[in-house]
Amino acid sequence: MDVTRESQPIMPADGRRPPRSRPQRPVDPIRRHGWIQDRLDHLMFESAMLPGVRFDRPAGDPGWFSPDSAMWYVHSHFSSIVGGFVGLMCEGVKPDMVYGGLDHSDFFNDRKRRGGRSASFYWATVFGPTEVAEKICRNVHRYHATVKGTMPDGTPYEANSAENLRWAHAGLTWGYIRGHQLYHPRPLPPEKLDEVADGMARIHEAIGATDLPRTMAEIEEYYRRMRPRMCLNEDGRWALDFAFSEFNKPGRAPLRWALEDAMPWWAREILGATSTPRQRAIGRRLNRAIVNAVQRAVGTPWYVKEARARIAAKP
């Protein structure tokens, strides 16, 4: 992650580029308190969510995880946003996943919409009713079945391969847990964090993943085995520079330091992270202040409120 790069990355020499751009929807930045804010947030995210996601019915449906679970505790706090960033960084050093994104994802046309769909997948499976969680997982599995092709060297790739699903699970699980450890004001103890890793495995098994690491220790061991096979090629560098161009703008170095702080150790090594331990500590303090200020301003997310009301309601 080179801070000297321009905010919009340079096109690779081989001419690979994402699909043609589409105009993004403007988002009104105005926020209000109470139910008005909930409705504004609901409407803003509804256009970016996966189809069929809901949280308010059927009455009494417990969903896959209970309100007192570690999964609810971690995913209901704004620190969970780190999970998506770290997962994306980890995908960037696995070439077949890079080309799957370049060839099939609309992320490069509309980052906010693509991010909203990814976030809504975890909202649906963590907080949604049972039927919605199951249906969303089936739909994601079917979509992933269409994500296949060949890399420039002729090697085939497919999103639903056991290896790619396992890699995505490890990166996202690490990211959610690491973000929680760094930024939540009252982080869970290690044994509870392993419950989160196990819960993430349940979700990813529902989209076809197998033989998943289910504790942080197992994820670290998995990374040690996989590290020699990872690399950052030119297209991977381009994709990550595009994805994180906002972090490379003037004055935003502390945000980049915070992201590097949340990465697994091997990812900092492959990506050539240049931040020092002192800089990462500064980024951590700044990001903790930002994350918790947002959490206090927003309060309990609307989808968590709807899920609690659904579970408490009589069938």
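This passage walks through the backbone, the salt bridges, the surface and the helix packing of one predicted model.

The model is predicted, so local features are taken only where pLDDT is at least 70 and side-chain atom pairs only at pLDDT 80 or more, while totals for chains, interfaces and linings use all residues. Residues are numbered from 1 along each chain as its sequence is written, and side-chain values use heavy atoms, with hydrogens and water left out.

A good place to start is the backbone. Most residues other than glycine have a negative phi, and most peptide bonds are trans. Against that background, two spots stand out. The peptide bond running from Arg57 to Pro58 is cis, with omega near 5°. Pro58 sits in the loop between α1 (34-46) and α2 (70-75); helices here are DSSP runs of H or I with at least four residues, strands are runs of E with at least two, and both are numbered from the N terminus. The other spot is Asp211, which is not a glycine and yet has a positive phi, near 50°. Asp211 belongs to the loop between α8 (190-205) and α9 (216-226). Its relative accessibility is 63%, so Asp211 counts as exposed (buried means under 20% relative accessible area, exposed means over 50%, and partly exposed is in between, using a 1.4 Å probe and protein chains only).

Next come the charged side chains. Side chains of opposite charge can pair when their charged atoms come close. The structure has 13 salt bridges, a salt bridge being a side-chain nitrogen of Lys or Arg within 4 Å of a carboxyl oxygen of Asp or Glu. One of them brings back Arg57 from the cis bond: the side chain of Arg57 meets that of Asp56, with 3.4 Å from N to O. Arg57 is partly exposed, at 47% relative accessible area, and Asp56 is also partly exposed, at 39%.

Another salt bridge stays inside a single helix. Glu221 pairs with Arg224, and their closest N and O atoms are 3.1 Å apart. Both residues lie in α9, three residues apart, which is about one turn of the helix. Glu221 has 35% relative accessibility, so this residue counts as partly exposed, and Arg224, at 45%, is partly exposed too. A further pair reaches across the chain. Arg227 forms a salt bridge with Glu269, with 2.6 Å between the closest N and O atoms. This pair links distant parts of the chain, 42 residues apart: Arg227 is in the loop between α9 and α10 (234-243), while Glu269 is in helix α12 (residues 265-271). There is also a network, in which salt bridges with shared partners join Lys94, Asp96, Glu163 and Arg229.

The surface has a nonpolar side as well. Phe78, Ile81 and Phe85 make up a nonpolar patch with about 230 Å² of accessible area together. Patches are made of residues with over 30% relative accessible area and no salt bridge, with like charges joined within 9 Å and nonpolar side chains (Val, Leu, Ile, Met, Phe, Trp, Tyr) within 5 Å; the areas come from the Shrake-Rupley method with a 1.4 Å probe, and for residues only the protein chains shown count as cover. Phe85 is part of helix α3 (residues 81-91) and is partly exposed, with a relative accessible area of 31%.

Helix α3 also packs against helix α7 (residues 162-183), at an angle of about 140° and with the axes 7 Å apart. That makes α3 oblique to α7. Axes are lines fitted to C-alpha atoms, for helices over the stretch in contact, and angles run from 0 to 180 degrees between N-to-C directions. Angles under 35 degrees count as roughly parallel, over 145 as roughly antiparallel, 65 to 115 as roughly perpendicular, and the rest as oblique.

Finally, some residues far apart in sequence can be paired up by their C-alpha distances. Cys90, in helix α3, has just 1% relative accessibility and counts as buried. Cys90 and Met230 are 140 residues apart in sequence, with 9.4 Å between their C-alpha atoms. Val53, in the loop between α1 and α2, is buried as well, at 12% relative accessibility. From Val53 to Pro129 the C-alpha distance is 9.3 Å, with their positions 76 residues apart in sequence.
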